[in-house]
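Good morning, colleagues. I should like to take you through a structure that may be new to many of you. Please look at the display as I speak.

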Amino acid sequence: MDASPYVDHVVAASPGPSGVPDVGGGEAPPGAEDMLKVLRWVAWSVTVLCVAGIFGVAARMAVDHSRGGGREHARGLGFVLGACLLVGSASGIVGAFV
């Protein structure tokens, strides 16, 4: 028995390609330069806030050094450094998921 007519029928009845279309890296819409400028401003502003946060923790450490409270200062510095880490790696984090 020759199976070739059956194979042709099965191939013809199989569904076409499906799934999510490959769009590559995408394409920026018109006006995206302005959005990037705003993101740069936000990144710069958050960086300034991180520097100010470190200054604030240092100031509190200098004022409270005789009263102890080193744990709270270390905690505050940890939060500020975590924010710095997020700011510095934001585009890398997003790039890892996209």
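I shall begin with the overall picture and then turn to particular residues.

What you see is a predicted model. The protein contains three helices and zero strands, and along the sequence the pattern reads α-α-α. Of its 98 residues, 6% are buried. The accessible surface amounts to about 8400 Å², and carbon and sulfur atoms account for 69% of that.

Let us turn to helix α2, which covers residues 32-63. How far apart should the ends of this helix be? Its 32 residues, at 1.5 Å a residue, should span 46 Å, and the C-alpha atoms at its ends are indeed 46 Å apart, so expectation and model agree.

Which residues of α2 are buried? They are Ala32, Cys50 and Val57. Among the elements that cover them is α3, residues 70-97.

The surface has a feature of its own. Val38, Trp41, Val42, Val46 and Val87 make up a nonpolar patch there, with a combined accessible area of about 420 Å². Helix α2 is the greatest contributor to this patch, giving four residues. As a general point, an α-helix has 3.6 residues a turn, so residues three or four places apart point the same way. Take Val42 as one member of the patch. Val42 sits in helix α2 and counts as partly exposed, because its relative accessibility is 45%.

I come now to the cysteines. In general, a disulfide is a covalent bond between the sulfur atoms of two cysteines. How many disulfides are found here? The count is zero. Why is Cys50 not bonded to Cys84? The closest cysteine sulfur to that of Cys50 is in Cys84, at 3.7 Å, which is too far for a bond; the cut-off is 2.5 Å. Cys84, for its part, is in no disulfide either, its nearest cysteine sulfur being that of Cys50. As for their surroundings, Cys50 is buried, with a relative accessibility of 8%, whereas Cys84 is partly exposed at 26%.

Cys84 also figures in a pairing with Thr47: the two are 37 residues apart in sequence, yet their C-alpha atoms lie 7.1 Å apart in space. Thr47 belongs to helix α2 and is partly exposed, with a relative accessible area of 37%.

Next, the charged side chains. Side chains of opposite charge can pair when their charged atoms come close. The model has one salt bridge. It joins Asp64 to Arg67, and the closest N and O atoms of the pair are 3.2 Å apart. Is each partner buried or exposed? Asp64 is partly exposed, because its relative accessibility is 21%; Arg67 is exposed, because its relative accessible area is 65%.

Asp64 leads us to one last residue, His73, which it touches. His73 lies in helix α3 and counts as buried at 9% relative accessibility. Leaving aside residues up to four places away in sequence, His73 touches Val57, Arg60, Met61, Asp64 and Gly68. One of these, Val57, is among the buried residues of α2 that I listed earlier.

To close, I would ask you to keep two places in view. One is the pair Cys50 and Cys84, with sulfur atoms 3.7 Å apart and no bond between them. The other is His73, buried and in contact with Asp64, the partner of Arg67 in the salt bridge. Thank you for your attention.

Definitions and conventions:
Residues are numbered from 1 along each chain as its sequence is written. This is a predicted model: local features need pLDDT of at least 70, side-chain atom pairs count only at pLDDT 80 or more; totals for chains, interfaces and linings use all residues. Side-chain values use heavy atoms; hydrogens and water are left out. Helices (H or I, at least four residues) and strands (E, at least two) are DSSP runs, numbered from the N terminus. The expected span of a helix is 1.5 Å times one less than its number of residues. Buried means under 20% relative accessible area, exposed over 50%, partly exposed in between (1.4 Å probe, protein chains only). Contact means heavy atoms within 4.5 Å. Patches are made of residues with over 30% relative accessible area and no salt bridge: like charges are joined within 9 Å, nonpolar side chains (Val, Leu, Ile, Met, Phe, Trp, Tyr) within 5 Å. Accessible areas come from the Shrake-Rupley method with a 1.4 Å probe; for residues, only the protein chains shown count as cover. A salt bridge is a side-chain nitrogen of Lys or Arg within 4 Å of a carboxyl oxygen of Asp or Glu.
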